[in-house]
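Hi everyone, thanks for making the time. I'd like to take you through a structure, starting with a single residue and working outwards. Here it is on the screen.

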Amino acid sequence: NGLMAGKRGVILGVANNRSIAWGIAKALVAEGAEIALTYQGEALKKRVEPLAAELGATVVGHCDVTDLETVDNVFAEVGRLWDKIDFVVHAIAFSDKDELTGRYVDTTRDNFLRTMDISVFSLTAVAKRAEPLMAEGGSILTLTYYGAEKVMPHYNVMGVAKAALEASVRYLAVDLGSNNIRVNAISAGPIKTLAASGIGDFRYILKWNEYNAPLKRVVTIEEVGDSALYLLSRLSRGVTGEVLHVDSGYHVVG
Ligand code: 0WD
């Protein structure tokens, strides 16, 4: 049994066992969910397959959001596997690490567009493909960061992208709400993952959060996973368009 018994869904963005998506996957499976994982490229396939096996998850294929055909294929595969799904987790972002340091004003047009495509548009592309599989309603969750609300050192174009992502959550919540599909975000505190290692002075940001957050520590992927469980389960059935901070409370002081 469990809170997610009988629930099925897709998780995009597991790169390794430090990924936030992995923390969410573990929390969902512990409560009885059945999950499908995707991998971004052949290099990540080798990482994702054993992780999927650990949770009894199905790997539904290669999904690189810059190639929408791969997104179509993944959702077609999910539709063949299960007739309906209950949730989708979008834990994907990318920006050139040379621009996750220094000044935002120096952002190039190419990287601006690429960052917005992978980190923002992809949520809308995924929601559009998930909608027909959520005939009985569902819950879609994405991951954001405080750099959307306040200027954080080095976060630069990713902060602009996260602001657009949070606005997308609100627009999607309205579009899909009449079908009982909820769309929410978790604004996670800094966690040492592959994606985070591209951000300038990341160790300093971690220390800063540890010293200043109300809980006097940084959060773990397991803590983000447990909050995700709330947003993806019936416990949050009255909640949509929301950005939930899972950041040891940093946003109330930062
Ligand atoms: O401190 C942090 N780590 C925080 C992360 C704080 C707050 C929010 N987040 C967000 C990130 O911005 C992202 O949206 O959480 C989400 C998940 O990120 P993560 O768990 O920190 O990082 P990681 O384990 O690297 O997973 C992100 C993955 C990619 O990994 P790499 O590092 O190989 O780029 O996003 C996927 C990929 O697996 N990804 C893509 N997937 C499909 N198509 C693409 C793409 N084009 N690009 C990246």
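Let me begin with a question: does Ser 187 count as buried or exposed? Its relative accessibility is 1%, and since the cut-off for buried is under 20%, Ser 187 counts as buried. Before I go on, please keep in mind that this is a predicted model, so everything I quote is computed from that model.

Where does Ser 187 sit? You'll find Ser 187 in strand β6, which covers residues 181–188. If we set aside the neighbours within four places in sequence, Ser 187 is in contact with Thr 144, Tyr 145, Tyr 146 and Glu 149, and also with Val 243, Leu 244, His 245, Val 246 and Asp 247.

Ser 187 also takes us to some empty space. How many cavities of 30 Å³ or more does a search of the whole structure find? The search finds one. The largest cavity has a volume of about 50 Å³. Ser 187 is part of the lining, together with Tyr 145, Tyr 146, Met 152, Ala 188, Gly 189, Pro 190, Asn 209, Asp 247 and Tyr 250. Sorted by class, that lining has six nonpolar, three polar and one charged residues.

On to the pockets. The largest pocket comes to about 1,100 Å³. Its lining has 44 residues, and those nearest the centre are Ala 91, Ile 92, Ala 93, Phe 94 and Ala 195. Which elements supply at least two residues each to that lining? They are α1 (20–30), β2, α4, β5 (138–144), α5 (156–177) and α6 (202–212). As for character, 30 of the lining residues are nonpolar, 10 are polar and four are charged.

The second largest pocket holds about 280 Å³ of space. It is lined by 15 residues, and Lys 7, Gly 138, Arg 182, Ser 233 and Arg 234 are the closest to its centre. Here the lining divides into three nonpolar, five polar and seven charged residues.

Now for a helix I enjoyed looking at, α3. How far apart should its ends be? The helix runs over residues 68–81, and at 1.5 Å a residue its 14 residues should span 20 Å. The end C-alpha atoms are 20 Å apart, so the model agrees with the expectation.

Which residues of α3 are buried? Thr 70, Val 71, Val 74, Phe 75 and Val 78 are. These residues cover an arc of only 130° around the axis, which puts them on the same side of α3. As a reminder, an α-helix has 3.6 residues a turn, so residues three or four places apart point the same way. On the other side of α3, we have Glu 69 and Arg 80, both exposed. And what do the buried residues of α3 pack against? Their partners are β1 (8–12), β2 (34–39), β3 (58–62), β4 (87–90) and α4 (109–130).

One of those partners, β1, contains Gly 9. With a relative accessible area of 0%, Gly 9 is buried. Beyond its close neighbours in sequence, meaning those within four places, Gly 9 is in contact with Glu 34, Ile 35, Ala 36, Trp 82, Ile 85 and Phe 87. Gly 9 and Ala 27 are 18 residues apart in sequence, and their C-alpha atoms are 13 Å apart.

Let's move over to helix α5, where we find Val 169. Val 169 counts as buried, at 1% relative accessibility. Again leaving aside neighbours within four places, its contacts are Leu 123, Thr 142, Val 183, Asn 184, Ala 185, Gly 241 and Glu 242. For a sense of distance, the C-alpha atoms of Val 169 and Lys 46 are separated by 32 Å, with those positions 123 residues apart along the chain.

I'll finish with some backbone angles. Most residues other than glycine have a negative phi. Asn 156, however, has a positive phi, near 45°. Asn 156 is found in helix α5 and counts as buried at 12% relative accessibility. Asn 180 is not a glycine either, and its phi is positive at about 60°. That residue, Asn 180, lies in the loop between α5 and β6.

That's my tour, and I'm happy to go back to any part of it.

Note on methods:
Residues are numbered from 1 along each chain as its sequence is written. This is a predicted model: local features need pLDDT of at least 70, side-chain atom pairs count only at pLDDT 80 or more; totals for chains, interfaces and linings use all residues. Side-chain values use heavy atoms; hydrogens and water are left out. Helices (H or I, at least four residues) and strands (E, at least two) are DSSP runs, numbered from the N terminus. The expected span of a helix is 1.5 Å times one less than its number of residues. Buried means under 20% relative accessible area, exposed over 50%, partly exposed in between (1.4 Å probe, protein chains only). The arc is that of the directions from the helix axis to the C-beta atoms. Contact means heavy atoms within 4.5 Å. On a 1 Å grid over the protein atoms alone, a cavity is a set of points where a 1.4 Å probe fits but cannot get out, and a pocket is an open set with protein on both sides within 12 Å along at least five of seven lines; lining residues have an atom within 4 Å of a point. Grid points are joined across faces, edges and corners, and a volume is the space filled by probe spheres set on the points. Ala, Val, Leu, Ile, Met, Phe, Trp, Tyr, Cys and Pro count as nonpolar, Asp, Glu, Lys and Arg as charged, and the others, Gly among them, as polar.
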